[in-house]
Amino acid sequence: MKRWPFVLVLLFCLLNNNLLIAQTAAIKKQAGDLCEKGKSSLANKQYDKAIVFFTNAIKLNPAVFKYYHNRGLAYLNKSKTLSSQQKI
């Protein structure tokens with residue numbers, strides 16, 4: 001009886017992993033394209049656009065950590081821009 005919680009957790013992890021693996025190549029490519037657009041927007045200091053692109057990439061493929069990282073950079077740069085504008 002004590003093994004049931006372990007078995008349930010293991011089963012959940014396996015099922016969850018299979019859902020991530022089952023994503024099609026087209027969805028992964030679309031998420032990658034959104035990430036590239038986000039990086040371009042980030043480089044052009046269009047932080048709101050970058051945040052939207054990275055958020056959409058995360059929705060399509062939540063397993064890729066760089067999408068979260070890049071969105072965090074966009075939020076950070078946006079906050080730095082806002083705080084420097086308030087000092088003026």
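A salt bridge is taken here as a side-chain nitrogen of Lys or Arg within 4 Å of a carboxyl oxygen of Asp or Glu. By that criterion, a search of the whole structure, which is a predicted model, finds three salt bridges. Before turning to these pairs, it helps to look at the fold that carries them.

The protein chain contains four helices and zero strands, giving the pattern α-α-α-α along the sequence. Of its 88 residues, 20% are buried. The chain exposes about 6800 Å², and carbon and sulfur atoms supply 65% of that area. Among contacts with a separation of 6 or more, 53% join residues 24 or more positions apart.

The largest nonpolar core has twelve residues, including Leu34, Ile51, Phe54 and Tyr67. Helices α2 (25–43), α3 (47–60) and α4 (65–87) each give two or more residues to this core, and α3 gives the most, with six. In soluble globular proteins, nonpolar side chains tend to be buried together. A good place to see the packing is tyrosine 67: leaving aside residues up to four places away in sequence, tyrosine 67 touches Lys28, Ala31, Gly32, Cys35, Phe54, Ala57, Ile58 and Asn61.

Helix α2 repays a closer look. With 19 residues at 1.5 Å a residue, α2 should span 27 Å, and this agrees with the 27 Å between its end C-alpha atoms. Its buried residues are Ala31, Leu34, Cys35, Gly38, Ser41 and Leu42. These residues lie on the same side of α2, because they cover an arc of only 120° around the axis. On the other side, Ala25, Ala26, Lys29 and Ala43 are exposed. Just after α2, lysine 45 takes a positive phi of about 60°.

Two of the salt bridges can now be placed on this helix. Aspartate 33 pairs with lysine 29, their closest N and O atoms being 3.1 Å apart; the two residues are four apart in α2, so about one helical turn separates them. Lysine 29 is exposed, at 52% relative accessible area, while aspartate 33 is partly exposed, at 35%. Glutamate 36 and lysine 39 also meet in a salt bridge, at 3.1 Å from N to O, and they too are separated by about one helical turn of α2, being three residues apart.

The remaining pair joins lysine 78 to aspartate 48, with the closest N and O atoms 2.7 Å apart. Lysine 78 belongs to α4 and aspartate 48 to α3, so this salt bridge ties together parts that are 30 residues apart in sequence. Lysine 78 is partly exposed, with a relative accessible area of 28%, and aspartate 48 is likewise partly exposed, at 48%.

Methods:
Residues are numbered from 1 along each chain as its sequence is written. This is a predicted model: local features need pLDDT of at least 70, side-chain atom pairs count only at pLDDT 80 or more; totals for chains, interfaces and linings use all residues. Side-chain values use heavy atoms; hydrogens and water are left out. A nonpolar core is a set of buried Ala, Val, Leu, Ile, Met, Phe, Trp, Tyr and Cys residues joined through side-chain atoms within 4.5 Å. Buried means under 20% relative accessible area, exposed over 50%, partly exposed in between (1.4 Å probe, protein chains only). Contact means heavy atoms within 4.5 Å. Accessible areas come from the Shrake-Rupley method with a 1.4 Å probe; for residues, only the protein chains shown count as cover. The expected span of a helix is 1.5 Å times one less than its number of residues. The arc is that of the directions from the helix axis to the C-beta atoms.
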